[in-house]
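This report introduces a structure to a reader who has not met it before. Please look over the sequence and the model before reading on.

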Amino acid sequence: MMTSSLPRTVSGIQATSDSLHLGNYIGALQQFVVHQESHDAFYFIANMHAITVEQDPSDLRERTLRTAAQFIAAGIDPEKSTIFVQSQVPAHPQLSWVLECTTSMGEASRMTQFKDKSAKQDHVSLGLLTYPALMAADILLYNPQMVPVGEDQRQHLELTRNLAERFNYRFGETFVVPEAQILKSTAKIYDLQNPSSKMSKSLPSPLGRIDLLDDAKSLTKKIKSAVTDDGKEIAYEPESKPGVSNLLTIYSSLTSRSVDDIVAEYEGKMYGHLKVDLAEIAVEALTPVRERTNELLQDRAQLQAILDSGAAKANEIAEVTLREVYDKVGFV
Ligand code: ATP
Ligand code: MG
């Protein structure tokens with residue numbers, strides 16, 4: 001097996017919509033692209049997590065490929081990073097079972113994501129409850145030092161670390177205990193219409209969510225109709241001015257300029273000025289991603305080949321960890 005001397009990183013995104021959104025792009029994908037330069041990087045499409053809430057099979061199949069295309073279009077290079085689909089690496093659910101048996105009911109039911117998502121479902125699946133054990137398996141199989149995620153995944157990462165430590169204590173040193181990499185400034189992008197809730201794939205918010213695959217016209221419309229706050233001043237004050245602060249965060253991440261610098265530039269200007277400029281910036285940043293995604297989707301055999309070779313590499317590494325775990329828990 002070829003092993004890299006670089007530190008390892010792993011992260012995934014669920015195949016729960018046709019397009020990823022700006023929160024996924026800024027909170028996750030942009031970090032993935034940076035870390036592939038300095039890490040042995042594994043990035044996967046979480047199609048098994050996706051079925052914790054109801055999915056239509058043909059949509060799920062399509063969304064899996066579309067998510068892979070958006071990974072590559074956003075700058076993840078299949079020559080540098082291993083890109084794969086979760087269900088093509090059976091060690092994920094296999095390790096998950098062992099970790100489910102390491103997790104208490106109390107821990108799982110305390111997870112904020114479980115509470116939020118189960119409140120929105122008529123039918124709450126057992127998988128929605130055990131989601132964090134599968135996520136811990138996704139991570140621990142690869143023994144990464146670092147896991148880049150958005151703020152909403154902090155609690156799951158903390159549980160992953162606890163499960164790793166618990167397993168190591170009970171069965172002997174097995175897993176690397178990974179660090180969460182959560183960028184303070186960009187880790188939570190909010191819904192443009194409702195700046196108190198995070199931008200989300202699974203929440204219908206036609207005007208509040210900026211999709212990577214939106215065309216210029218709808219991007220512009222959504223940004224111009226973003227909810228702003230009382231007063232006129234353009235200032236970064238997440239508590240009292242959540243709407244404008246969210247726009248400033250997005251502006252800053254898409255331009256790599258500091259929020260202070262942007263605030264200084266807009267001193268004395270109106271919210272409308274900021275929105276017009278941000279719409280232009282977003283169109284410029286996202287149009288190439290959309291076009292490249294559509295190009296990649298023209299050649300599905302090529303995309304599938306990238307995913308197949310990613311799965312082969314992921315399987316090699318995941319199998320080694322799984323075998324060690326099975327041995328340690330006493331499976332013959
Ligand atoms: P779903 O609604 O189906 O859960 P999601 O939008 O929350 O979708 P996930 O696939 O669950 O997206 O998460 C993928 C990655 O994107 C995770 O690292 C998560 O922390 C990050 N992420 C999701 N939403 C945001 C957001 N609004 N701001 C920043 N990062 C985010
Ligand atoms: Mg989510």
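The account below turns to the ligand, then to the pockets and the cavity, and finally to two loop residues.

**The ligand and its surroundings**

The structure is a predicted model. Ligand 1 is surrounded by 22 residues, and the closest of them are H21, K117, D152, K198 and S202. Sorted by class, this shell holds six nonpolar, eleven polar and five charged residues.

Two side chains and one backbone position make polar contacts with the ligand that deserve individual mention. In the side chain of D152, an N or O atom is 2.6 Å from an oxygen atom of ligand 1. An oxygen atom of the ligand is also 2.5 Å from a polar side-chain atom of S202. At I189 the partner is a polar backbone atom, which lies 2.7 Å from a nitrogen atom of ligand 1. How much of ligand 1 does the protein bury? Taken alone, ligand 1 exposes 600 Å², and 98% of that is buried by the protein.

The space that ligand 1 takes is the largest pocket. The elements that give two or more residues to the shell around the ligand are β1 (8-14) and α1 (22-35). Of the shell, the largest share comes from α1, which contributes four residues.

**The pockets**

The largest pocket has a volume of about 1100 Å³. Its lining consists of 47 residues, and those closest to the centre of the pocket are Q113, K117, D152, Q153 and K198. K117, D152 and K198 are also listed among the residues closest to ligand 1. Several elements each supply at least two residues of this lining, namely β1, α1, β2 (40-46), α6 (112-119), α7, β4 and α8 (154-171). Which element gives the most to the lining of the largest pocket? That element is β1, with five residues. The shell around the ligand, by contrast, takes its largest share from α1.

The second largest pocket has a volume of about 340 Å³. It is lined by 15 residues, of which K184, K188, Y190, Y236 and P238 are the closest to its centre. Here α10 gives the most to the lining, with four residues.

The table sets out the residue classes of the ligand shell and of the linings.

| Site | Nonpolar residues | Polar residues | Charged residues |
|---|---|---|---|
| Shell around ligand 1 | six | eleven | five |
| Lining of the largest pocket | 16 | 20 | eleven |
| Lining of the second largest pocket | six | five | four |
| Lining of the largest cavity | three | five | one |

**The cavity**

A probe the size of a water molecule, rolled over the atoms, shows where empty space is left. How many cavities of 30 Å³ or more does a search of the whole structure find? The search finds one. The largest cavity has a volume of about 50 Å³. Its lining is made up of Q14, T16, H49, T52, V53, K117, L128, Y131 and S202. Two of these residues, K117 and S202, are also among the residues closest to ligand 1.

**Two residues with positive phi**

Two loop residues have a positive phi without being glycine. N143 has a phi of about 45 degrees, and this residue lies in the loop between α7 (126-140) and β4 (146-148). For S256, phi is near 60 degrees. S256 is found in the loop that runs between α10 (242-255) and α11 (259-265).

The helix α7 before the loop of N143 and the strand β4 after that loop both supply residues to the lining of the largest pocket. The helix α10 before the loop of S256 is the element that gives the most to the lining of the second largest pocket.

Conventions:
Residues are numbered from 1 along each chain as its sequence is written. Chains are lettered from A and ligands numbered from 1 in the order in which they are written. This is a predicted model: local features need pLDDT of at least 70, side-chain atom pairs count only at pLDDT 80 or more; totals for chains, interfaces and linings use all residues. Side-chain values use heavy atoms; hydrogens and water are left out. A residue is near a molecule or strand if one of its heavy atoms lies within 4 Å of it. A polar contact is a pair of N or O atoms within 3.5 Å; within protein, one must be able to donate a hydrogen and the other to accept it, and residues adjacent in sequence count only if both atoms are side-chain atoms. Accessible areas come from the Shrake-Rupley method with a 1.4 Å probe; for residues, only the protein chains shown count as cover. On a 1 Å grid over the protein atoms alone, a cavity is a set of points where a 1.4 Å probe fits but cannot get out, and a pocket is an open set with protein on both sides within 12 Å along at least five of seven lines; lining residues have an atom within 4 Å of a point. A molecule sits in a cavity or pocket if more than half of its atoms lie within 2 Å of its grid points. Ala, Val, Leu, Ile, Met, Phe, Trp, Tyr, Cys and Pro count as nonpolar, Asp, Glu, Lys and Arg as charged, and the others, Gly among them, as polar. Grid points are joined across faces, edges and corners, and a volume is the space filled by probe spheres set on the points.
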